[in-house]
Amino acid sequence: MTSQLMSIAAVERDCGLPKETLRVWERRYGFPSPLRDAHNERLYPADQVATLRTLRRLIEAGHRPGKVVGRSDLELSRLVGELGDQSGKVMRSETREVLARLQAHDAAGLREVLNGVVLRSGLGAFAAEIGPELAEAVGSAWSRGELEIHQEHLFTEQFTTVLRAAINNAQGAVLPRRRPLVLFSTLPQEPHALGLLMAEAVFTLEGCLAVSLGVQTPVVEIAAAAKAYNADILALSFSSAIPSHQALAGLNDLRALAPARIEIWAGGACPGLRAKSGVLVLRELSLISTAVADWRARALDAAD
């Protein structure tokens, strides 16, 4: 039986839901309801983990946790089915090919397809348009039971590898690179990396200097790195999985710790994100280009 139980850290990795979110739902909604081991550590049965995966997909699609957490599996399945019915989108041939490679367990073929899409479309279109669509399609297929979690993880790994290589190539090709210097990371409660990586790609194409800390960096360390690297902008990504109050509290803490001259730019699907003094919210990757141009204009005016 213990082989079918998962620790809270394993559930976080598997479902993409931060540990604190799991604890908050447990207290507020009574679900999940983990078992406890001899050391009083949480252990999650397989059926609850499956439900948590479904909840993540629904929340990413715009459902509020208070409306879905605690519902029966039958009700959740109906809601997931409605997501598919409401899509109404014509699937790109690239998306169909990615799903086919995943279903065929063809890791090398998947990477070949992703590399081909980047080469044909260019890094800008891939990061801001095609990449998000691919990620959404894979998540939808997983939520409908057409893909297993290991296939979704394979997609994330291959997508990350291909996009990182394309960013590295662009950083060598776009010259001269100039300010702003942008420092990328997520808060400790945010394990999702794809949104952050796609934002880095767009900043790179704008000729910005870039330093990435990866995901789940403590707020104190983000502030310290901003000072150490003499950053101009802190760019943070927030998925729908992170509770709004945690996102806002983290931004408040970071704003208090980082020097006032360093701007904080936040983006992502977290519904509670909102602009405040010293924090710019960019809901779409397409807005980055204008925001960078505005930053450079302000910097030029300040230098005169």
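The following conversation goes through the domains, cores, one helix and the cysteines of a predicted model.

Colleague: Which domains does the assignment give for this protein?

Modeller: There is domain 1 (5-86), then domain 2 (93-169), and then domain 3 (177-302). Please keep in mind that the model is predicted.

Colleague: What does UniProt list for residues 5-62?

Modeller: The UniProt record, an unreviewed entry, gives "domain: HTH merR-type" for residues 5-62. In the model, that stretch is 59% helix and 12% strand, and its end C-alpha atoms are 29 Å apart.

Colleague: And for residues 179-302?

Modeller: For those residues the unreviewed UniProt entry lists "domain: B12-binding". Here the chain is 41% helix and 23% strand, with 14 Å between the end C-alpha atoms.

Colleague: How many residues of domain 1 are in contact with domain 3?

Modeller: Nine residues of domain 1 are in contact with eight residues of domain 3. The C-alpha centres of domain 1 and domain 3 are 28 Å apart.

Colleague: Turning to the interior, how many residues are in the largest nonpolar core?

Modeller: The largest nonpolar core has 45 residues, and those with the most contacts inside it are Val98, Leu163 and Phe203. Among the elements that give two or more residues to this core are helix H6 (93-103), helix H9 (149-173), strand S4 (178-185), helix H10 (194-205) and helix H13 (288-303).

Colleague: Where does that core lie with respect to the domains?

Modeller: It lies between domain 2 (93-169) and domain 3 (177-302), because both of them give residues to this core. Apart from it lies another core, of 25 residues, including Leu181, Val219, Leu254 and Ala266.

Colleague: Which residues does Phe203 touch?

Modeller: Leaving out residues up to four places away in sequence, phenylalanine 203 touches Val182, Phe184, Cys208, Ala235, Trp265, Ile288 and Val292.

Colleague: Is H10 mostly covered or mostly open?

Modeller: H10 is mostly covered, as ten of its twelve residues are buried. Phe203 is one of the buried residues of H10, which also include Leu194, Met198, Glu200 and Thr204.

Colleague: What span should H10 have, and how far apart are its ends?

Modeller: At 1.5 Å a residue, the twelve residues of H10 should span 16 Å. The end C-alpha atoms of H10 are 17 Å apart, which agrees.

Colleague: What follows H10?

Modeller: Glycine 207 follows H10, and its phi is positive, near 80°.

Colleague: You mentioned Thr204; why does threonine 204 count as buried?

Modeller: Its relative accessibility is 1%, and buried means under 20%, so threonine 204 counts as buried. The C-alpha atoms of threonine 204 and valine 182 are separated by 9.5 Å, although these residues are 22 residues apart along the chain.

Colleague: A different topic: how many disulfides are there?

Modeller: Taking a disulfide as a pair of cysteine sulfur atoms within 2.5 Å, the count comes to zero.

Colleague: Why is cysteine 15 too far from cysteine 270 for a bond?

Modeller: The sulfur of cysteine 15 is 19 Å from that of cysteine 270, which has the closest cysteine sulfur, so the two are too far apart for a bond. Cysteine 270 is likewise in no disulfide, and the nearest cysteine sulfur to its own is that of cysteine 15.

Colleague: Are these two cysteines buried or exposed?

Modeller: Cysteine 15 counts as buried, at 0% relative accessibility. Cysteine 270 is buried with a relative accessible area of 0%.

How values were computed:
Residues numbered from 1 in each chain as written. Predicted model: local features only at pLDDT ≥ 70, side-chain atom pairs only at ≥ 80, totals over all residues. Heavy atoms only, no water. Core = buried A, V, L, I, M, F, W, Y, C linked by side-chain atoms within 4.5 Å. Buried < 20%, exposed > 50% of the residue type's maximum accessible area, 1.4 Å probe, protein only. Helix = DSSP H or I, 4+ residues; strand = E, 2+ residues; numbered from the N terminus. Domains from an automatic or database assignment. Contact = heavy atoms within 4.5 Å. Expected span 1.5 Å × (residues − 1). UniProt positions renumbered as here; feature names shortened; annotations may be inferred.
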